[in-house]
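Q: Hi, could you walk me through this one? I'm new to it.
A: Happy to, take a look first.

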Amino acid sequence: MGKTKGTSFVNAQAYCDTVHGEGAWARVRDRMDPTDREVLTGLVAVGWYELDLYARAIRAIDRELGAGDLGLIAPLGRFEAERDFKTIHRLFFRLANPAYAIEKATEYWRRFHDTGSWSVVRNSPTSVSGSLEGWAATDSVLCLELTGYMPRVIELVGGESALMTHPRCRMLGHSACEFDLRWS
């Protein structure tokens, strides 16, 4: 079973309370199963937690604060990218090349996930393709979150109109999750 850094949960909590009002995270947390609720009550950014718990938490955010149609997941990913760049990845703001920023972001992957490795190919000056192999994700909601996160990374380093597609997914039986990202 894969683990993710507590930073993801801390960012999700900030998203809830910043975008949906103070106490929104508590409402989400309180609707979750008692075992999950107990873990979520004592979170720390530097801790490691089950990746499946994170998937359950972001699904709960969408159910409690959204329409339950996963419409909040990509915006959550965008919000998390903004927070990460303000706190963890400040050096990326100095980079002039968005493709390079994505390559570096994928190198940092293992600092925040204990499974999965990225291979990134530059297709053109304004597009990359990435393959995420060996990630212990068991819920496609985590891939959906990435389709919000990575385009926002591109925008934060100067790219415009970034869009990420996800043509192949491990949850659909493919050997790896594949993503295509382009911008202007």
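**Two helices and a cavity**

A: The axes of helix H6 (residues 98-107) and helix H8 (residues 141-156) come within 9 Å and cross at roughly 135 degrees. Helices here are DSSP runs of H or I with at least four residues, strands E runs of at least two, numbered from the N terminus. Axes are lines fitted to C-alpha atoms, for helices over the stretch in contact, with angles from 0 to 180 degrees between N-to-C directions.

Q: What does that make H6 relative to H8?
A: Oblique to H8, because of that crossing angle. Under 35 degrees counts as roughly parallel, over 145 as roughly antiparallel, 65 to 115 as roughly perpendicular and the rest as oblique.

Q: Which residues make the contact?
A: Pro98, Ile102 and Thr106 on H6, with Met150, Val153 and Ile154 on H8; contact means heavy atoms within 4.5 Å.

Q: Is this a predicted model or not, and how are residues numbered?
A: The model is predicted: local features need pLDDT of at least 70 and side-chain atom pairs 80 or more, while totals for chains, interfaces and linings use all residues. Residues are numbered from 1 along each chain as its sequence is written, and side-chain values use heavy atoms, without hydrogens and water.Q: What lines the second largest cavity?
A: Among its lining residues are Ile102, Thr106 and Met150. H6 and strands E3 (117-124), E4 (127-133) and E6 (177-182) each give two or more, and E4 gives the largest share, 3 residues. A cavity is a set of 1 Å grid points, over protein atoms alone, where a 1.4 Å probe fits but cannot get out; lining residues have an atom within 4 Å of a point.

Key
Residues numbered from 1 in each chain as written. Heavy atoms only, no water. 1 Å grid on protein atoms, 1.4 Å probe; cavity = no way out; pocket = protein on both sides within 12 Å on 5 of 7 lines; lining within 4 Å.
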